[in-house]
Amino acid sequence: FSEYMVGSLPFFLKPLARLEQVQGDRAAGLRELERAAQNGHYLRPFARMMLAMLYAREKRYMDSRRMLLL
């Protein structure tokens, strides 16, 4: 989740994050959450909830709904 959020920072905040050597990638963050939602054990419900929220944020409403209904 944190990798997705750092990757979603606005362009004017990214240099500040780089000063602290914080890196992030939206696509990699989504892939990690999707993997946790599919194969995770303890964090599966949390990953599904976070994916539903992030999908809705990216206007992928059908994917968001699918995460909530499964």
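Read along the sequence, the predicted chain follows the pattern α-α-α-α-α, with 5 helices and 0 strands (DSSP runs numbered from the N terminus; helices are H or I of at least four residues, strands E of at least two). The model is predicted, so local features need pLDDT of at least 70 and side-chain atom pairs count only at pLDDT 80 or more, whereas totals for chains, interfaces and linings use all residues. Residues are numbered from 1 along each chain as its sequence is written, and side-chain values use heavy atoms, with hydrogens and water left out.

The C-alpha trace spans about 40 × 25 × 15 Å along its principal axes. Of the 70 residues of the chain, 27% are buried (under 20% relative accessible area, with exposed over 50% and partly exposed in between; 1.4 Å probe, protein chains only). The chain exposes about 5400 Å², of which carbon and sulfur atoms supply 59%; areas come from the Shrake-Rupley method with a 1.4 Å probe. Among contacts (heavy atoms within 4.5 Å) with a separation of 6 or more, 33% are between residues 24 or more positions apart.

Helix α3 comprises the 14 residues 26-39. Its end C-alpha atoms are 20 Å apart, in agreement with the 20 Å expected at 1.5 Å a residue (1.5 Å times one less than the number of residues). The buried residues of α3 are A28, G29, L30, L33 and A37; their cover includes α1 (2-7) and α4 (44-57).

The largest nonpolar core (buried Ala, Val, Leu, Ile, Met, Phe, Trp, Tyr and Cys residues joined through side-chain atoms within 4.5 Å) has 11 residues: Y4, L30, L33, A37, A47, M50, L51, A52, L54, Y55 and M67. Two or more residues of this core come from each of α3 and α4, and α4 gives the most, with 6 residues. In soluble globular proteins, nonpolar side chains tend to be buried together.

Two arginines were examined further. R48, in helix α4, is buried yet has no salt bridge (a side-chain nitrogen of Lys or Arg within 4 Å of a carboxyl oxygen of Asp or Glu). The nearest side chain of opposite charge to R48 is E34, 11 Å away (Lys and Arg count as positive, Asp and Glu as negative; His and the chain ends are not counted). Residues up to four places away in sequence aside, R48 touches A37, R66, M67 and L70.

R60 is found in the loop between α4 and α5 (61-69) and counts as partly exposed because its relative accessibility is 30%. Leaving aside neighbours within four places in sequence, R60 is in contact with L30, E34 and Y55. With the corresponding exclusion, Y55 touches L30, E34, R60, D63, S64 and M67.
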